[in-house]
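User: Please take a close look at the aromatic rings of this chain and explain how they are arranged.

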Amino acid sequence: MSTRLDVFDRRILEIVQDNNLATHREIADAIHLSAPSVARRLQRLRQEGVIWKDISVVRPEHIGKRITVVVDVAAEDVGSERIAAMKQRFERCPQVQQCYYVTGDVDFVLIMSVKDMEEYMALSRSLFYEGGHVRDIRTSICMQQVKVSLGIPVGKEGE
């Protein structure tokens with residue numbers, strides 16, 4: 001499903017992905033539109049689902065989450081019911097920040113944020129072993145976050 005976006009919509013999206021607290025006036029000044037026009041466009045972009053969520057990004061270390069873990073998960077069986085159960089389990093887990101159902105040697109890639117290795121070991125038991133349907137996991141511990149973003153390159157119209 002694709003919403004038609006003009007150059008102003010794209011510029012608005014660039015700005016709010018960088019700073020969601022930018023006022024309508026600040027955005028309007030930056031893209032040479034009126035503040036009411038920016039407000040209408042933002043409302044439409046939210047209603048049409050182009051803007052999926054408005055969130056604040058929290059630094060994990062400020063709340064005691066010091067380890068980022070990347071986990072590759074291979075399913076025992078790729079039957080739709082088992083995959084659906086795994087998706088639900090991963091989606092419900094608050095430590096799973098991102099979950100991707102992928103092609104290739106593994107079926108899922110998870111990005112997790114945990115306090116310490118003890119928390120990760122407990123989660124791995126419940127998510128991967130007790131929850132079932134997991135054939136293999138491969139865990140990588142992040143040594144340094146080089147880039148963290150959910151920003152989507154907006155590009156030009158027609159790209």
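Analyst: Tyr101 is a suitable place to begin: with a relative accessible area of 45%, Tyr101 is partly exposed, where buried means under 20%, exposed over 50% and partly exposed in between (1.4 Å probe, protein chains only). This is a predicted model, in which local features need pLDDT of at least 70, side-chain atom pairs count only at pLDDT 80 or more, and totals for chains, interfaces and linings use all residues. Residues are numbered from 1 along each chain as its sequence is written, and side-chain values use heavy atoms, with hydrogens and water left out.

Rings of Phe, Tyr and Trp (its six-membered ring) pair if their centres lie within 6.5 Å; planes under 30 degrees apart count as stacked, over 60 as edge-to-face and the rest as tilted. This rule gives 3 aromatic pairs. One of them joins Phe90 and Phe108, edge-to-face, with 5.2 Å from centre to centre and 80° between the planes. That pair links distant parts of the chain, since Phe90 belongs to helix 4 (residues 80-92) and Phe108 to strand 3 (residues 108-114), 18 residues apart. Helices (H or I, at least four residues) and strands (E, at least two) are DSSP runs, numbered from the N terminus. Phe90 is buried, at 0% relative accessible area, and Phe108 is buried at 0% relative accessibility. Phe108 also pairs with Tyr101: their ring centres are 5.2 Å apart and their planes meet at 35°, so this pair is tilted. Phe90, Tyr101, Phe108 and Phe128 form one aromatic cluster.
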